[in-house]
Structure formats: structure tokens, C-alpha cells
Amino acid sequence: MKVLCSICARGGSKGVKNKNVRELNSIPLIAHSILQAKESNLFDVISVSSDCDQILSIAKEYGADFLIKRPDDLATDTSAKLPVIQHCFSESEKESGMNFDFVIDLDATSPLRKVSDIKGVFDILQSRSEEIDNVITGCHARRSPYFNLVEENESGFSRLVKSLEKGIVRRQDSPRCFDMNASIYGWSRNALLNSDKVLMPKTVLFEMSEETAYDIDSELDFKIVELLMRDRNE
């Protein structure tokens with residue numbers, strides 16, 4: 001059984017300039033995911049995909065096995081995540097000469113995961129690969145579409161995003177909902193190569209802790225993640 005870890009990090013960033021190479025708790029952001037992947041001891045190969053030479057250089061310094069140069073058409077502001085992972089997977093097979101049975105993708109902007117989370121996703125993926133499409137991660141949602149998450153209708157009036165035939169008066173009574181935290185994704189080989197979107201009919205969610213709701217898309221996110229990581233290490 002061969003397992004690939006993909007870590008995809010684009011050079012351009014609008015919300016936080018150069019965020020993937022910016023130091024977070026004394027090391028570059030991209031390095032956190034590489035070190036977590038190495039610590040898990042799950043992977044035969046760790047590949048970093050990027051259009052940025054500086055990111056790839058840092059990835060090499062922190063122990064990535066393969067550096068995958070991302071083509072320009074997969075490195076735009078509107079590029080979807082799945083084709084990038086598929087490209088990284090295919091190029092990693094070419095570079096390594098291996099056929100990978102599974103791939104786990106670690107999002108570079110979500111470093112608050114624990115190694116136990118990576119192992120938890122892999123355990124589901126390995127044990128249930130014949131019956132599921134893929135594994136995503138998320139944490140318990142702070143707002144419920146059945147109780148206190150609203151949208152505007154065509155007339156500009158607010159309404160619940162989802163409603164039940166029998167109304168509820170407490171958030172605790174609403175169906176369990178989760179925020180996707182963009183932290184860990186897992187596929188078997190065939191599922192990845194035949195997927196055209198991340199959320200599939202048989203997608204399974206692995207629940208992570210509430211603090212992992214923060215992925216870095218803004219300066220405020222960066223400060224919050226930095227504070228949480230510092231508190232965890234004290």
C-alpha cells in the first residue's frame with residue numbers, strides 16, 4: 001500500500017500577502033503542514049505543489065520529497081482545488097515511479113490540525129474506501145441553517161437558510177451541522193481520478209476540534225491562528 005501526501009500552496013495571495021512563506025510561530029506557514037505529515041509516519045511520499053519557487057525552496061528545506069511546479073492555468077485566483085490535487089497526484093506518480101493507493105491533502109492555510117486528525121482521516125479512508133467517495137474535515141458549526149443562519153430572499157427579506165416542518169426554539173435541537181475547515185481531504189486513487197468535485201454523494205466528514213474552524217484567509221485569521229498555536233505550545 002502506497003500513500004501520498006499532497007500540500008498545495010499558491011504564490012499569489014490577496015488576503016494575506018505571501019502568507020505561505022510568512023513565519024507563523026517562527027517557521028514558514030507551509031512548513032507546519034510538511035512537518036505534521038512527516039510526524040504522522042503515514043506517507044511514502046510528501047509532495048508540495050506550487051507556482052512559486054520560494055515556496056518550493058522552503059518545502060525542500062523542510063523535507064518535502066517532490067516539488068511539483070504548478071502550471072499557470074492551475075495557479076489563478078479562480079483555480080479550483082480538485083484539479084490542482086489531481087495534477088499533483090499524477091506528477092508525483094511520474095516522479096516517484098509509484099502507483100499510490102491513497103492521497104491525503106493537507107491545506108497549507110489550516111495548520112491548527114493535529115497529527116491525530118491526519119491519522120483519523122486515513123483510518124476512515126483505508127477502512128471504508130470501498131463504500132465511500134472521499135473524506136473531508138470540519139468542526140461543529142457555530143451557526144445553524146435551521147436556527148440562526150439566514151439568507152435574503154428576492155424581496156430583500158430575511159429567512160432561515162433551511163427550515164423544518166416542525167419549528168425549533170433551541171439551536172441544540174437542530175440537526176448537527178458542520179463548518180468545513182479546509183484542513184484535510186482524503187481519496188482513494190480511483191475516487192480522486194474520477195472525481196469532478198470535492199463534495200460527492202458518498203462524502204464522509206471527520207469531525208475536528210472547534211479551534212480548527214480558522215483557516216488563514218485574512219490578517220485577522222493569521223492573528224487568531226498565531227494566538228491559538230502559541231497557546232497550544234505554552
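This briefing describes the nonpolar cores, the ring pairs and two buried polar residues of the structure above. The model is predicted. Its largest nonpolar core holds 35 residues, and a second, separate core holds 20 residues. Besides these cores, the structure contains 3 aromatic pairs, and the polar residues aspartate 105 and threonine 137 are both buried.

**The nonpolar cores**

- Within the largest nonpolar core, the residues that touch the most other members are Ile7, Ile30, Phe43, Val48, Ile104 and Leu106.
- At least two residues of this core come from each of several elements, among them strand 1 (3-8), helix 1 (29-40), strand 4 (45-50) and helix 2 (53-61), and the same holds for strand 6 (102-106), helix 4 (115-128) and strand 12 (203-207).
- Helix 4 makes the greatest contribution to this core, supplying 5 residues.
- Phenylalanine 43, when its neighbours within four places in sequence are left aside, is in contact with Val3, Leu4, Cys5, Ala37, Ile104 and Ile118.
- The second core, which is separate from the largest one, includes Val84, Phe89, Trp187 and Ala191.

**Aromatic rings**

- One of the 3 aromatic pairs is formed by phenylalanine 102 and phenylalanine 122, whose ring centres are 5.8 Å apart and whose planes stand at 90 degrees, so the pair counts as edge-to-face.
- Because phenylalanine 102 belongs to strand 6 and phenylalanine 122 to helix 4, this pair ties together parts that lie 20 residues apart in sequence.
- Both phenylalanine 102 and phenylalanine 122 are buried.
- Elsewhere, arginine 22 is placed over the face of phenylalanine 222, at 4.0 Å from the ring centre.

**Aspartate 105**

- Aspartate 105 is found in strand 6, and it counts as buried because its relative accessibility is 0%, where the cut-off for buried is under 20%.
- The side chain of aspartate 105 is joined to that of serine 6 by a polar contact of 2.7 Å.
- Beyond its neighbours within four places in sequence, aspartate 105 is in contact with Ser6, Ile7, Cys8, Lys81, Ile85, Ser183, Ile184 and Tyr185.

**Threonine 137**

- Threonine 137 sits in strand 7 (residues 134-140) and is buried, with a relative accessible area of 2%.
- Its side chain makes a polar contact of 2.7 Å with the side chain of asparagine 181, while a polar atom of the threonine 137 side chain also lies 3.1 Å from the backbone nitrogen of isoleucine 184.
- With neighbours within four places in sequence left aside, the residues in contact with threonine 137 include Val121, Asp179, Met180, Ser183, Leu205, Phe206 and Met208.

Notes. Residues numbered from 1 in each chain as written. Predicted model: local features only at pLDDT ≥ 70, side-chain atom pairs only at ≥ 80, totals over all residues. Heavy atoms only, no water. Core = buried A, V, L, I, M, F, W, Y, C linked by side-chain atoms within 4.5 Å. Buried < 20%, exposed > 50% of the residue type's maximum accessible area, 1.4 Å probe, protein only. Helix = DSSP H or I, 4+ residues; strand = E, 2+ residues; numbered from the N terminus. Contact = heavy atoms within 4.5 Å. Phe/Tyr/Trp six-rings, centres within 6.5 Å; stacked < 30°, edge-to-face > 60°. Lys NZ or Arg CZ within 6 Å of the ring centre and 35° of its normal. Polar contact = N/O pair within 3.5 Å; in protein donor to acceptor, adjacent residues only side chain to side chain.
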